Amino acid sequence: LSLELGTSSLLQFGAELRLLALTHWPPARYGCAWSGESRLPLTELGGTLKMKKSRSGGISLARLLAAPVTVRVRQGGERFRPDAGRPRRSLKNLLQEARVPPWQRDRLPLLFSGNTLVYVPGIGIDTAYRAAGGESGVVPSWETR
């Protein structure tokens, strides 16, 4: 359910109601580069992406940096594999199964290495990009305001 109320929208997902200002939606083709910062403020998405260095766990820095690293919003058609024992799946289905409200799905900062989706807040890290024991990595976290 979505109801526009002047400069805001009243949104419903299950039993949850949320009032959001219409100005808080990111541009449809939102994206920015990540250059190794430990904190990447993403004002248009309403939060900060934090990247904590790690020696075992998180995203493999070597694999992540093999291509330009960008943060983008969902465009549709993205596929992701958070579990090694399962095939790649559509991001849409994974977000629905995780019960992420629709108004948050289009505002999540998705981390890409080249054209490969590497990290989704609330879902995890793609299995092909997980750091092995002792390998340099980064552990991402998404903090909203």
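**A five-stranded sheet and the core beside it**

In this predicted model, strands β8 and β11 pair in the antiparallel sense over four bridges; strands are DSSP runs of E of at least two residues, helices are runs of H or I of at least four, both numbered from the N terminus, and two strands pair if DSSP finds at least two bridges between them. Within this pairing, Val69 stands opposite Ser113 of β11. On its other pairing, β8 meets β4 over three bridges, again antiparallel, and here Thr70 of β8 is the bridge partner of Ala33. Strand β11 (residues 110–113) is in turn joined by three bridges to the antiparallel strand β12 (residues 116–120), where Thr116 partners Ser113.

These pairings belong to an open sheet of five strands in the order β4-β8-β11-β12-β13, with antiparallel pairing. Because β4 (31–33) and β13 (124–125) are the edge strands and each has a single partner, one side of each is left without a neighbour in the sheet.

What are the two faces of β8 like, covered or uncovered? Val69 and Val71 form the covered face, while Thr70 and Arg72 form the uncovered one.

The largest nonpolar core (buried Ala, Val, Leu, Ile, Met, Phe, Trp, Tyr and Cys residues joined through side-chain atoms within 4.5 Å) contains 30 residues. Those with the most contacts inside this core are Trp34, Leu42, Leu49, Ile59, Leu64, Leu111 and Val120. Elements giving two or more residues to the core include β5 (39–42), β6 (47–54), β8 (69–72), β11 and β12, and β12 supplies the largest share, four residues. Leu42 touches, among others, Tyr30, Cys32, Leu49, Val71, Pro109 and Trp142, leaving aside residues up to four places away in sequence; contact here means heavy atoms within 4.5 Å.

A charged residue also deserves a look: Arg107 sits in the loop between α3 (102–105) and β11. Arg107 is buried (under 20% relative accessible area with a 1.4 Å probe, protein chains only) yet has no salt bridge, that is, no side-chain nitrogen of Lys or Arg within 4 Å of a carboxyl oxygen of Asp or Glu. The nearest side chain of opposite charge, Asp106, is 9.1 Å away. A polar atom of the Arg107 side chain does, however, lie 3.2 Å from the backbone oxygen of Leu45.

Residues are numbered from 1 along each chain as its sequence is written, and side-chain values use heavy atoms, with hydrogens and water left out. As the model is predicted, local features need pLDDT of at least 70 and side-chain atom pairs count only at pLDDT 80 or more, whereas totals for chains, interfaces and linings use all residues.

How values were computed. Buried < 20%, exposed > 50% of the residue type's maximum accessible area, 1.4 Å probe, protein only. Lys, Arg positive; Asp, Glu negative; His and termini not counted. Polar contact = N/O pair within 3.5 Å; in protein donor to acceptor, adjacent residues only side chain to side chain.
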